[in-house]
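Trainee: Could you show me how to read helix packing in a model like this one?
Mentor: Sure, let's bring it up.

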Amino acid sequence: MPAPSPLKIATDAVSRLTKEEKMYQKELTSQQERVKKLEADLKNGSANEDSNAEFIVKQEQKAIEETKAVFGPLKTRIGEAVSRLEEQIASAEGDSNANADELAKAKEVLASTPKEDA
């Protein structure tokens, strides 16, 4: 089995990083919903039986902040991977021996990657 081409490697990197970002977004949403529920329970007094409910809310809020902190570096890595993929696509388009399927897949992944607001 031959080694993967630089185009395939760049395509897979962008795909993996965008999937990772989506998973972190999903996790953040889940954490925020959990905190809202805990705060509502605490406000309504239904959490009185758990003496450390306030501590749990603080821990959940800390987890939210840690999750949010991941997005900055992740967006940077995605931007770098997209740049590499664009370079590989340009290189492959100039190469008559390039794999057409890999090139099509690379363009598809690039098109489906959300663009950053500059």
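Mentor: We'll go through one helix, a core and a helix crossing.
Mentor: This is a predicted model, where local features need pLDDT of at least 70, side-chain atom pairs count only at pLDDT 80 or more, and totals for chains, interfaces and linings use all residues. Residues are numbered from 1 along each chain as its sequence is written, and side-chain values use heavy atoms, with hydrogens and water left out.

Trainee: How far apart are the end C-alpha atoms of α1?
Mentor: Helices here are DSSP runs (H or I, at least four residues), numbered from the N terminus. The expected span is 1.5 Å times one less than the number of residues. The 39 residues of α1 (6–44) should therefore span 57 Å, and the end C-alpha atoms are indeed 57 Å apart. After α1 comes Gly 45, with a positive phi near 85°.

Trainee: What do the buried residues of α1 pack against?
Mentor: Buried means under 20% relative accessible area (1.4 Å probe, protein chains only). Those of α1, including Leu 7, Val 14 and Leu 28, pack against α2 (53–94) and α3 (100–112).

Trainee: Which residues have the most contacts inside the largest nonpolar core?
Mentor: A nonpolar core joins buried Ala, Val, Leu, Ile, Met, Phe, Trp, Tyr and Cys residues through side-chain atoms within 4.5 Å. The largest has 15 residues, with Leu 7, Val 14, Leu 85 and Ile 89 making the most contacts inside it. Its largest share, 7 residues, comes from α2.

Trainee: At roughly what angle do the axes of α2 and α3 cross?
Mentor: Two packed helices are described by the angle and the distance between their axes. Axes are lines fitted to C-alpha atoms over the stretch in contact (heavy atoms within 4.5 Å), with angles from 0 to 180 degrees between N-to-C directions. Those of α2 and α3 cross at roughly 145° and come within 10 Å.

Notes. Helix = DSSP H or I, 4+ residues; strand = E, 2+ residues; numbered from the N terminus. Buried < 20%, exposed > 50% of the residue type's maximum accessible area, 1.4 Å probe, protein only.
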